[in-house]
Amino acid sequence: ELGEIWEESIAPIHEYLSEEYKDQLWYGRVHMETGERESAVVTLYDAFFPAILALSGDLNRAVSYQETWACLWNKYGLEPMIYDYKKETPNYPVYDLNPEIIESAYYLYSLTEEPKYREMNIAFWNDIKKYCRTEVAFTSVENVETMEKRDYMPTFFFAETLKYLYLTFSVVDHPYQFEDLLFTTEAHPFRRANFDQEKARTYLGIEE
């Protein structure tokens, strides 16, 4: 059922939400009933979409969209929470130590084995250390244009951001293969081998 939902949804997503703007791939906002484009506002949570595209087998779009987000990160040194890609300005310039672009780089590195995605996460990690590190911990940044620090560290920085960085940097030393585990959107790992196939079918309501 979820596969059917994906197949029905992804084509109109590409048709109505995606657009090339200044040689970059973006997914903006449209009216849910008419498909009419309403704004060019994106959030850094959208930077998880390259991973989804890569996992679905659409590597061409995944690579293009990851490059878009990497360019935005490099424009400031960190990602703004909300950004208007046509006005080319942050609507909400906070960076909250989010993992999404790092997560996508990890998946692309694991699926393609292209070293540039490992290098991408090295650069992101160096920027986080440069702009977010304090004497006692790491903090969110109030404004990526000024790099003014907040006094706040979300717990997902450990649970997600650092986890995907660790996975990227230790990929050759992992005691498991990439295909062995599934990660939830909150980076909780589940080992595929531990799934009881019959129970899973019952829980999901899957009939023969």
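M147 lies in the loop between strand 8 and strand 9 (148-149), where helices (H or I, at least four residues) and strands (E, at least two) are DSSP runs numbered from the N terminus. The phi of M147 is near 60°, a positive value in a residue other than glycine. Most residues other than glycine have a negative phi. M147 counts as buried because its relative accessibility is 15%; buried means under 20% relative accessible area, exposed over 50%, and partly exposed in between, with a 1.4 Å probe and protein chains only.

The model discussed here is predicted, and local features need a pLDDT of at least 70, side-chain atom pairs count only at pLDDT 80 or more, and totals for chains, interfaces and linings use all residues. Residues are numbered from 1 along each chain as its sequence is written, and side-chain values use heavy atoms, with hydrogens and water left out.

A positive phi is also found at D23, with a value of about 65° although D23 is not a glycine. D23 sits in the loop between strand 1 (18-21) and strand 2, and D23 counts as exposed because its relative accessibility is 78%.

M147 leads on to the nonpolar core by way of L78. Leaving aside neighbours within four places in sequence, L78 is in contact with L72, W73, Y95, D127, I128, Y131, C132, V141, V144 and M147, contact meaning heavy atoms within 4.5 Å. L78 is among the residues with the most contacts inside the largest nonpolar core, together with Y95, I128, C132 and Y164, and this core has 52 residues. A nonpolar core is a set of buried Ala, Val, Leu, Ile, Met, Phe, Trp, Tyr and Cys residues joined through side-chain atoms within 4.5 Å. At least two residues of the largest nonpolar core come from each of strand 2 (24-27), helix 2, helix 3 (59-76), helix 4, helix 5 (115-132), helix 6 (156-169) and strand 10.

Y95 is also touched by S140, a residue in the loop between helix 5 and strand 8 (141-143). Not counting residues up to four places away in sequence, the other contacts of S140 are with D96, L97, K149, R150, Y152 and P154. S140 counts as buried because its relative accessibility is 0%.

Helix 4 can be followed in more detail. Helix 4 has 13 residues and reaches 18 Å from its first C-alpha to its last, close to the 18 Å expected at 1.5 Å a residue, the expected span being 1.5 Å times one less than the number of residues. Helix 4 is mostly covered, with 11 of its 13 residues buried, and those buried residues include E100, E103 and S104 as well as I101, I102 and A105. The cover over the buried residues of helix 4 includes helix 2, helix 3, helix 5, helix 6 and strand 10. Just after helix 4, E113 takes a positive phi of about 60°.

Within helix 4 lies L108, which is buried, with a relative accessible area of 0%. L108 touches A54, L59, A62, V63, Q66, E113 and Y117, not counting residues up to four places away in sequence. L108 and L55 are 53 residues apart in sequence, yet their C-alpha atoms are 8.6 Å apart in space.

L55 also belongs to the lining of the largest pocket, where I52, L55, Y107, L182 and F183 lie nearest the centre among 17 lining residues. On a 1 Å grid over the protein atoms alone, a pocket is an open set of points where a 1.4 Å probe fits, with protein on both sides within 12 Å along at least five of seven lines, and lining residues have an atom within 4 Å of a point. The largest pocket holds about 450 Å³ of space, a volume being the space filled by probe spheres set on grid points joined across faces, edges and corners. Helix 2 (49-55), helix 4 (100-112) and strand 10 (181-183) each supply at least two residues of this lining. The lining divides into 11 nonpolar, three polar and three charged residues, where Ala, Val, Leu, Ile, Met, Phe, Trp, Tyr, Cys and Pro count as nonpolar, Asp, Glu, Lys and Arg as charged, and the others, Gly among them, as polar.

D46 is found in the loop between strand 5 (41-43) and helix 2. D46 counts as partly exposed because its relative accessibility is 27%, and D46 touches Y65 and W69, not counting residues up to four places away in sequence.
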